[in-house]
Amino acid sequence: DRLATTVTQDVQPGLNRVAIPVGRDWGNGAYVVATLLRPLDVAASRMPGRAVGVQWFTIDREAKTLAVDLQTPQLIRPETSLRVPIKINGLAGEEARIVVAAVDVGILNLTNYKPPAPDEYFLGQRRLSAEIRDLYGQLIDGMQGTRGTIRTGGDDGGGALEGSPPAQKPLALYSGIVQVKPDGTAEVTFEIPAFAGTARVMGVAWSKDRVGKAAGDVII
């Protein structure tokens, strides 16, 4: 009842456009649930029909995300220091913190590990919590009707082992919580052991109302 919707008929037959104003209190996004009912048509020998469509849409996250830049070098030598200057743009004096990790890519490939994505966790799609119940299916002739097929997608399972086991001592370094300066800068330094390979540097930043992430590879 709170929504003022506008429905317009396009030139293309069977295509309608529904305009729904987005409120400021909608959070991360919303679902559009559409139900199509087709009445009985005796002349066309057509039974009643019903279709339900569900589509998620997200609302612009810019106001709730931090733009994190990890200025990692492309190549360093083993047994040296890896300096990671950090810049968070648009912080405007807001208090923020960040954690950074440097991990051997070979280890990450074993479990297909993906860099942390707090924006997806906090601001991403949520499961539809509403249930749709009706009695329309009882109006369809069971002798002539055809059972519908639910079409849906899913994950690929993940967690599958990929690549070869590491042949040297694992590289997994963690900065702990680092305070970001008022100008949006910070720096993390890792002492690299006798290691040869590629390290993935992953950072997660947060403030009172925003989160951000960044990642980059360094060849050692």
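This section describes the fold, the nonpolar core, the strand pairing, selected loop residues and one pocket of a predicted model.

The protein chain contains two helices and 12 strands. Read from the N terminus, the order of elements is β-β-β-β-β-β-β-α-α-β-β-β-β-β. The chain has 220 residues, of which 25% are buried. Among contacts with a sequence separation of 6 or more, 70% are between residues 24 or more positions apart.

The largest nonpolar core comprises 27 residues. Within this core, Val68, Ile86 and Ile98 touch the most other members. At least two core residues are supplied by each of β5 (65-70), β6 (81-89), β7 (96-104), β10 (185-191), β11 (198-207) and β12 (211-219). In soluble globular proteins, nonpolar side chains tend to be buried together. The surroundings of Ile98 were listed after setting aside neighbours within four places in sequence. On that basis, Ile98 is in contact with Val68, Leu70 and Ile86, and also with Gly176, Ile177, Val178, Val180, Val204, Ala205 and Trp206. Two of these partners, Val68 and Ile86, are themselves named with Ile98 as the residues touching the most other core members.

The strand β5 shows an alternating arrangement of side chains. Leu66, Val68 and Leu70 point to one face and are buried. Thr65, Ala67 and Asp69 point to the other face and are not buried. Val68 and Leu70, on the buried face of β5, are among the contacts of Ile98. β5 is paired with two strands, β12 and β6. The pairing with β12 is parallel and consists of three bridges, with Thr65 opposite Val211 of β12. The pairing with β6 is antiparallel and consists of four bridges. In this second pairing, Ala67 stands opposite Asn89 of β6.

β6 is also joined to β10, in the antiparallel sense, by seven bridges. Ile86 has Ala186 as its bridge partner in β10. Alternation is found along β10 as well. Ala186, Val188 and Phe190 are buried and point to one face of β10, whereas Thr185, Glu187, Thr189 and Glu191 point to the other face and are not buried. The bridge partner of Ile86 thus belongs to the buried face of β10.

Several loop residues were examined individually. Glu79, in the loop between β5 and β6, has a positive phi of about 55° although it is not a glycine. Glu79 counts as exposed because its relative accessible area is 62%, and the cut-off for exposed is over 50%. A positive phi is also found at Asn112, a residue other than glycine, with a value near 55°. Asn112 is located in the loop between α1 (105-110) and α2 (118-123). With a relative accessible area of 27%, Asn112 is partly exposed.

Tyr113 lies in the loop between α1 and α2. The relative accessible area of Tyr113 is 39%, so this residue is classed as partly exposed. With neighbours within four places in sequence left aside, Tyr113 is in contact with Leu108 and Met202.

Val22 is situated in the loop between β2 and β3. Val22 is partly exposed, with a relative accessible area of 47%. The C-alpha atoms of Val22 and Ile59 are 8.8 Å apart in space, while the two residues are separated by 37 residues in sequence.

The second largest pocket has a volume of about 410 Å³. Two elements, β2 (16-19) and β3 (29-38), give two or more residues to its lining. The lining of this pocket consists of Gly14, Asn16, Val18, Ile20, Val32, Val33, Ala34, Thr35, Leu36 and Gln55. β3 contributes five residues, the largest share of the lining. By class, six of the lining residues of the second largest pocket are nonpolar and four are polar, and none is charged.

Conventions: Residues are numbered from 1 along each chain as its sequence is written. This is a predicted model: local features need pLDDT of at least 70, side-chain atom pairs count only at pLDDT 80 or more; totals for chains, interfaces and linings use all residues. Side-chain values use heavy atoms; hydrogens and water are left out. On a 1 Å grid over the protein atoms alone, a cavity is a set of points where a 1.4 Å probe fits but cannot get out, and a pocket is an open set with protein on both sides within 12 Å along at least five of seven lines; lining residues have an atom within 4 Å of a point. Grid points are joined across faces, edges and corners, and a volume is the space filled by probe spheres set on the points. Ala, Val, Leu, Ile, Met, Phe, Trp, Tyr, Cys and Pro count as nonpolar, Asp, Glu, Lys and Arg as charged, and the others, Gly among them, as polar. A nonpolar core is a set of buried Ala, Val, Leu, Ile, Met, Phe, Trp, Tyr and Cys residues joined through side-chain atoms within 4.5 Å. Buried means under 20% relative accessible area, exposed over 50%, partly exposed in between (1.4 Å probe, protein chains only). Contact means heavy atoms within 4.5 Å. Two strands pair if DSSP finds at least two bridges between them.
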